[in-house]
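Got your viewer open and a selection box ready? Let's take a short walk, one selection at a time.

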Amino acid sequence: MNEKQRQESSQVNPADKKSEKDYSQYFQAVYMPPSLKDAKKRGKEEVKYDDFGIPEEFRGMGQGRKFYIRTYGCQMNEHDTEVMAGIFMALGYEPTDGVEDADVILLNTCAIRENAENKVFGELGHLKTLKKGRPDLLLGVCGCMSQEESVVNRILKVHPFVDMIFGTHNIHRLPNILNEAYLSKEMVVEVWSKEGDVIENLPKVRKGDIKAWVNIMYGCDKFCTYCIVPYTRGKERSRRPEDIIQEVRHLAAQGYKEITLLGQNVNAYGKDFEDMTYGLGDLMDEIRKIDIPRIRFTTSHPRDFDDRLIEVLAKGGNLLDHIHLPVQSGSSEVLKLMARKYSREHYLELVRKIKEVMPNASLTTDIIVGFPNETDEQFEETLSLYREVGFDSAYTFIYSPREGTPAAKMQDNVPMEVKKERLQRLNKLVNDTSAQKLKEYEGKVVEVLVEGESKNNPDVLAGYTEKSKLVNFRAPKSVIGKIVKVKIKKAKTWTLDGEMVEEAVEVK
Ligand code: 5AD
Ligand code: SF4
């Protein structure tokens, strides 16, 4: 975003005036607060593509300084952290593993549910003591929570010791924001409600050298009624295929074994291109030709999951047949209230089509229980859909009202006790099905991408199968980073124990 766009962004922001009056004592330096109302608007203007670069005057800013980033939430946030770490390193900062010796601490936050937000506010409470003892320490809040005006106002009021707040669209502005924070005694708030451009050539410090994430698009235009993401991440913007392909090729050349293509709704990839008809299926068809053993993508939306993608996935090879396909509810009535724009029948039909061409595909999902006014019968429909599809596993959540979303305004007659009881029942089904599915692996040989030592026992190695099952087995450390064949000896509820039968299978 250039200076002009920044000015426009602040002009259209009605939240400025009110908040400025309330909290003017805290900010004089840069103040650009978020507005959920503005974030909802989807502008017609074209997405611009820009290249990242460190402005000359900021080079060396981090000499002799250390940074620490704590990440909450989804893979998108994890990957944003890799980008911010890349920017810090390019500025000359060094990473550190703990807050104690950090000169800059960032909390990269998640807004998806209330408990995610509570964790961050709790952490800010702890960091207050650290900051008191070391006033030179810079403390920043970024990520999805910073896009919410209620959060920014609460930080201004309750945690005024925070030095900077910036949003998900401003990550590439980190050098400028740090600079402002060093120069100013006031809190620096720079959160664009309107999404920015697509920025290429962002530096990244990837976590590990075996698996990598690659963003293919940003934002979400689906506006499911419970979800805050379309407000915190802005409108859908796709990266150009050539930029994505170049990044994946580069990762392959560096020896990465697995990549996950990332987006809030990857099935909408390319819908915003005005100069060509090109979707996720087309992109996958090109990426599968790159010499990288495993390719995944997440997260899918059933509504946009098209036949072209299914046709390409059926080609197999390095395109893994594990599909994460959030259903959210098994009741068409609830799905309608959630504005998911598909019915139970449509979802089941999609599953049928996928299984027709990929009979061994494993499906996982996300489910919300206790959506406002969800009846027992509607909840039962979720259980029956779960059984009918035969999911391998699921992430399950109790509905959490998010301020500013349509569902948060709905009257809700379901007591929390009932919601908790439904979650327990669903979790029991999820656990039982998972255990049952894992049991079928006993005696079979699977291919495992070895990631390292097991968290609980350094003598044991751990890695994932193509269908994302965690396998523990004993083998020499030299196989870390390789794909090996492991015979499964014992299935547990969530993991498999095995024995390596063959070292380093030839990469596909
Ligand atoms: N309450 C509970 N769960 C939610 N999710 C998204 N918004 C909410 C909410 N307000 C869940 C959905 C989504 C996953 C990432 O988080 O299941 O797929
Ligand atoms: Fe949220 Fe729905 Fe978009 Fe997923 S598709 S990020 S649930 S609005």
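Which strands and which helix do the buried residues of H9 pack against? Strand E10 (211-215), strand E13 (258-262) and helix H10 (280-287) are what you'll find there. Keep in mind that this is a predicted model.

Select 241-253 to bring up helix H9 itself, which has 13 residues. From first C-alpha to last, H9 reaches 18 Å, close to the 18 Å expected at 1.5 Å a residue. Now colour its buried residues: Pro241, Ile244, Ile245, Glu247, Val248, Leu251 and Ala252. Look down the axis of H9 and these buried residues fall within an arc of 160 degrees, so they line one face of the helix. Flip to the face turned away from that buried side and pick out the exposed residues Gln246, Arg249, His250 and Ala253. Just past the helix, click on Gly255, which follows H9 and has a positive phi, near 95 degrees.

Next stop: a sheet. Show 322-324 (strand E15), 362-369 (strand E16) and 393-398 (strand E17). These 3 strands make an open sheet in the order E15-E16-E17, with parallel pairing. E15 and E17 are the edge strands, each pairing on one side only. From one strand to the next, the twist averages 10 degrees.

Zoom in between E15 and E16, where 3 bridges join the two. Pick His324 and you'll find its bridge partner in E16 is Thr364.

Last, add the helices. H14 (residues 376-389) lies across E16 and E17, at about 175 degrees to E16. H15 (residues 416-439) also lies across E16 and E17, running at about 175 degrees to E17.

Notes:
Residues numbered from 1 in each chain as written. Chains lettered and ligands numbered in written order. Predicted model: local features only at pLDDT ≥ 70, side-chain atom pairs only at ≥ 80, totals over all residues. Heavy atoms only, no water. Pairing = 2+ DSSP bridges. Helix = DSSP H or I, 4+ residues; strand = E, 2+ residues; numbered from the N terminus. Axes fitted to C-alpha atoms, helices over the stretch in contact; angles between N-to-C directions. Contact = heavy atoms within 4.5 Å. Expected span 1.5 Å × (residues − 1). Buried < 20%, exposed > 50% of the residue type's maximum accessible area, 1.4 Å probe, protein only. Arc of directions from axis to C-beta.
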